[in-house]
Structures are given as C-alpha cells and as structure tokens.
Amino acid sequence: MTEAVGSRQAQPPAPMSAAFACVALVGFSAAAAALMWIEVSGPTMLIWLADAVGLCAMLIFVLALIGCWKERKLRGGNIVMLICVLLLAVPLAQNAAVLATIAPHIGAKTIVTDAGSTKRDIIKQARRHLGDKFPRFVPAHPIAGTEKSGATAAFATLYRDHELIITAERETDARAIAKVAAAWRIAGMRINRMRAADHDRMFALVSHLPHIVAYALVGQIAGYRDAQTLLAHTGGGFRDTTRIAGSSPEMWRDVCLSNRDALLPALDDYIAEFGRLRRLLKTRNAAGLETRFAKARSVRERWLKYR
C-alpha cells in the first residue's frame, strides 16, 4: 500500500524559489520551516507568501542567489511564473478557485503541490484546471498538526519527524515528485507514497472519524440543560478525548465534505461498534464488555510501542 521515497536527508537544487499560498497553521509552518532552514544552511531559496484567493503576492524574503536581488512587489501572474515550487495550503473548498486562478500563469517548470488531508478531490480539480500542466502537480499530505488553528499557531518544527504521504498519479512527473519530497525532507519529514483512494479511506478512519467523534461528544454534553455543571466536573478523560474538538470548524467541515464517500462507511462502522457495546451493556454482559475493552487496550498498547 505504501512506498517509501527515500529516507536520506536531501537538499533541493539551488537556486530555487518556493511560494506558499496559505492562510493558517499548515502553510505558515511550512514557510517558517523553510525560512529556518535558509538561516542555517545559507542562501538558496526565495520565499514568497501569497494570498490564497486573489494571489496578489509580495516578496517578503530576498537572498542573494546569482547576482544582486532587490526587494520588490510583484502581482498576479508574474509571481507564479517565477516560482519553482508552489504549495497550496488553503481550506479545501478554496482549492478549485485557486487552481483556476493560477493555471494560466504557471511557468514552464513550476511545480504545484498541496497539503490537504483529502486527495481524490484535489486530484480531480487539478486535472481539470491545470490541463497539460497536471503532470507537474504533486498531491501530498503532511501528517502533522495541532488542535490550534490560524497563522499565529504556526511554528517551524511542526513537521519534524512526521510523515508526508505523496499520492502521485500515473502521469505525475518523477522529477516533480523528487523535488517536492526533497523540500519536505528539509522540514524533517519522512516520505511515503500510496494511492489516493487508499489514503482517503485510511484517514477517514484514523483522523477524520476521530474528529467527528470529538465534536459529537462535546455537542452531546453541550445539549443538556445542565451542560455548564457537567463541564465544570470533567476530568482528564473528557479533556483528552475531546482535545481535537478545538480544531478549526471551517477546516473540518471541508475535510468531511471532501472525503464524504470514505467517511460515511467509516461512520457507519463506528455506529455499528457502538451498537454492539450497547447490546452488551443492555444485557449486563460483563464478560463481553471486558473482552471488548481488553482487546482495545491491547491494540492501543501495541500501537504506542511500535509507532
């Protein structure tokens, strides 16, 4: 299912420019990681930040690459044509509009990649909007984040020692894949590959469903008339189980809708598991309850031991 894409630390070819179309934690953390790497490793990249919707951009960090560069503002298509790698890190619902905006301006060697947590949707959108430039689109998902959201929550080491999954299509350019993988290794990520459909099913189960569960549990408690009293008496169990309910509602709305086809079966299976537990509880089946709980604990312990 997965295929490693090298494990050695790699550096991107220099000179190289990277742009980050970003509005929040994921994109700004990637930009911060690139800036930190430049400070340590020397002048090898130009870093751009681009507004996700209008794509009006300002050069915010300039380094001497070949000759002398001066700070200046660029707008619209001019900036896109100069970029080597453009990272889209915007709410999933905005991807189609951003791709349509940049498509006419993408340079002959520009690589476009993304950081979204669902892949089949954006692959379809990129294929539609990028046309013959689609082979230079590298769909990717950095598996890192916190329950915090927004640009102010970003930090440069967010991706260190985490996994990046690339869901390249058959026609994706191998050189584009290599360059995107090298860029993420700079941020400290391990690189793996899998099919987009496998990715979306996997993360529906291990990421998207847990967020729905956390939101639902908080919503259930909030629906009682004595919710404030209940919340005043919560302990570590409730806090730990619902931590990710502090994540961006906008982002998770988009994730759920984007991955609807994989998430609905996962949710059905979860409801079925709850039904089994309910039947055991209703029939006072102590042995059955203990068996289910013990199995879950054992699986979790093995997971923690080998992760």
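## Packing of α6 against α9

Helix α6 (residues 196-222) packs against helix α9 (residues 249-258) at an angle of about 125°, and the two axes lie 11 Å apart. That angle makes α6 oblique to α9. The crossing of α6 past α9 is left-handed. These values come from a predicted model.

On the α6 side, the contact is made by Ser-207, His-208, His-211, Ile-212 and Tyr-215. Their partners in α9 are Pro-249, Trp-252, Val-255 and Cys-256. Sorted by class, the residues in this contact are six nonpolar and three polar, with no charged residues. Ile-212 and Tyr-215 of α6 are among those that count as nonpolar, because Ile and Tyr belong to that class. Ser-207, His-208 and His-211 fall in the polar class, since Ser and His are in neither the nonpolar nor the charged list.

## An aromatic pair in α10

Two aromatic pairs are present in the structure. In one of them, the ring centres of Tyr-270 and Phe-274 are 5.0 Å apart and the ring planes stand at 65°, so the pair is edge-to-face. The cut-off for that label is an angle over 60 degrees.

Both Tyr-270 and Phe-274 belong to helix α10 (residues 260-282). Four residues separate them, which is about one turn of the helix. How exposed are Tyr-270 and Phe-274? Tyr-270 has a relative accessible area of 30%, so it is partly exposed. Phe-274 is also partly exposed, with a relative accessible area of 48%. The value for Phe-274 stays within the partly exposed class because exposed means over 50%.

## Positive phi in two loops

Most residues other than glycine have a negative phi. Which residue in the loop between β9 and β10 has a positive phi although it is not a glycine? Asp-161 does, with a phi of about 65°. The strands on either side of its loop are β9 (140-143) and β10 (163-166). Asp-161 has a relative accessibility of 58% and therefore counts as exposed.

Arg-284, likewise not a glycine, has a positive phi of about 55°. This residue sits in the loop between α10 and α11 (286-306). With a relative accessibility of 76%, Arg-284 counts as exposed. Helix α10, which comes before this loop, is the helix that holds Tyr-270 and Phe-274.

Conventions:
Residues numbered from 1 in each chain as written. Predicted model: local features only at pLDDT ≥ 70, side-chain atom pairs only at ≥ 80, totals over all residues. Heavy atoms only, no water. Axes fitted to C-alpha atoms, helices over the stretch in contact; angles between N-to-C directions. Parallel < 35°, antiparallel > 145°, perpendicular 65-115°, else oblique. Left-handed = near helix turned anticlockwise from the far one by under 90°. Contact = heavy atoms within 4.5 Å. Phe/Tyr/Trp six-rings, centres within 6.5 Å; stacked < 30°, edge-to-face > 60°. Buried < 20%, exposed > 50% of the residue type's maximum accessible area, 1.4 Å probe, protein only.
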